[in-house]
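The exercises below are meant to be worked through with the sequence and the 3D view side by side. Try each task before reading the solution that follows it.

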Amino acid sequence: MENIKKFKMRRLFVSLLTLSLVFTSCEDFLEEYSTIGLSADKLTDINAMNSLNAGAYSNLRNMTAYEHMQSTTLVRDVLIRRSANWQPWFTWTDAGMPQMFNRYTVAYNAFNKVNLVLNADIDNMYGTAAEKASAKGDAYFIRAFCYFHLNNWFSNPTTGKSVPLVTTVMGTTDRVTQASPVEIMAQVESDIEAARTNLAISGGITSYSAATAMAAKIYFYHGKYDLAYDRANEVITSGGFALEQNVSDIYTKGNASAEVIFSIITNRSEDTFGSASIGFNNYQADDVNGITSLNPNGVLGKLRAADPSDKRFTDLMTEKDGVVYTDGKYPNNNVDYIGIRLDEMYLTRAESNIMVNNTVAAQDVSDVNAVKNRAGASDVVSGTPGKSAMLEIIFNERSKELYNETGDRFFNSRRLQKSIVNESGNGFISFSDYSLKLYNLIPQSEIDIHNLN
């Protein structure tokens, strides 16, 4: 299977430990400096490039730690039963969402590393063509992944600005300006295609399939449905992945699952913080320690009520203490963060094909039913529904399939301009009401240093 789990992880512990000293992170992403005199001009071999990529990959654990929780709670799939930390998150204002997460700073720490790789003279380093392509492919993938997520969370609909676009190696006195969302999107697309080109030669920490699936996700959210279809179709028809028979096996196996295309592997010897610990702590079926439970008035709660025998509910949720816990996707502290899996590619291919052709084809129905049948859903699609009906079916399937995993629940609702559950948890707020409120704020320290607005 041509996927991340089929390639050896270039951990390079000794080199990474050394470079972790080089790129010691302060609160502000440009305030990074060498503590042992190892500067960029001395990073001249493939091992150093791989170590930088491994460090950036490790940053992804921290960057995505709250991804699932933030998206799931924004659309009120779950309710917060108790948590002083999370309560402010639900006080929406016209000035964006409260600063609770370090996604921004961690992403730019990753950029510092991969930009060193991508600005290095790799082609003239000692090593095989495959080794050089692997190093470049990993760096392009990580940069595309990070900027895609930052652009989705930080694009300010009022100012029309996104985050700073940094593709060069920067010093502590350099200053940046914000790019537009369109500029970030163009960079993301360029990077993910460069990742595909290089990883087709040789995989590394990531893989060609992971880059192709990520490209499908990127083009899907960028509204380029023809390219989204092509990339998703390539992954599906490659034959490298298969749906698990039991939905719970996906999350206990994690990166080893036959349907997982890209994951961020939890390594508790390196970093005890990440999506696994956040997911387990917040969703766990424990009235004292768990802090969330299913909102019966939300989209997911209503979908469960409509088909309670669906395995995505029976096998991945626990009903006790008078509430329903959505605990099954984070059964312990050691599960991997699943970034992309085969189910998403089926649903992406189906919707993209409909959007391109403005009609529903038999293949689209088959793609959706592949996901439904594995889950034992009672509402398998029969015949060929009309476009509007089929798009609603696909929206519901994405909601049932991807909750508590990635940013998809919120991103997809916003993409389709769907109403979401309001702050009280029992009514709905329209897209026009929340679209100017629900975005992340750039840390104030970065605004002050770089004179951003």
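**Exercise 1. Find what joins the side chains of threonine 348 and arginine 398, and then describe the surroundings of threonine 348.**

Solution. Start from the pair itself: in this predicted model, the side chains of threonine 348 and arginine 398 are joined by a polar contact of 3.2 Å. Next, place the threonine in the fold, where threonine 348 belongs to helix H13, which covers residues 342-357. Then look at its cover: with a relative accessible area of 0%, threonine 348 falls under the 20% limit and therefore counts as buried. Finally, list its contacts, leaving aside neighbours within four places in sequence: threonine 348 touches Ala216, Phe220, Ala228, Ala232 and Arg398. As a further distance to check, the C-alpha atoms of threonine 348 and aspartate 364 lie 9.7 Å apart, with their positions 16 residues apart along the chain.

**Exercise 2. Decide whether helix H10 is largely enclosed or open, and say which elements its buried residues pack against.**

Solution. First count the cover over residues 275-283: seven of the nine residues of H10 are buried, so the helix is largely enclosed by the rest of the structure. The buried residues are Ser275, Ala276, Ser277, Ile278, Gly279, Asn282 and Tyr283. Then follow these residues outward, where they pack against two kinds of element: helices H2 (46-63) and H3 (67-74), and strands E3 (292-294), E5 (323-325) and E6 (337-341).

**Exercise 3. Describe how strand E6 is covered and in which sense it pairs with strand E2.**

Solution. Begin with the cover of E6, of which five of five residues are buried. Turn next to the pairing, in which E2 (residues 260-264) and E6 run in the antiparallel sense and are linked over four bridges. To locate one bridge in the view, find isoleucine 264, whose bridge partner in E6 is tyrosine 337.

**Exercise 4. Summarise the protein chain as a whole, and judge where its coordinates call for caution.**

Solution. Take the overall make-up first: the chain has 18 helices and eight strands, and of its 453 residues 59% count as buried. Among contacts between residues at least 6 apart in sequence, 73% join residues at least 24 apart. Turning to confidence, the mean pLDDT of the chain is 88, and 88% of its residues reach 70 or more. Over residues 1-38, however, the pLDDT is below 50, although this stretch has 107 contacts in the model beyond near neighbours in sequence. Where pLDDT is low, predicted coordinates should not be read in detail.

Note on methods
Residues are numbered from 1 along each chain as its sequence is written. This is a predicted model: local features need pLDDT of at least 70, side-chain atom pairs count only at pLDDT 80 or more; totals for chains, interfaces and linings use all residues. Side-chain values use heavy atoms; hydrogens and water are left out. Buried means under 20% relative accessible area, exposed over 50%, partly exposed in between (1.4 Å probe, protein chains only). Contact means heavy atoms within 4.5 Å. A polar contact is a pair of N or O atoms within 3.5 Å; within protein, one must be able to donate a hydrogen and the other to accept it, and residues adjacent in sequence count only if both atoms are side-chain atoms. pLDDT is the predictor's confidence in each residue, from 0 to 100. Two strands pair if DSSP finds at least two bridges between them.
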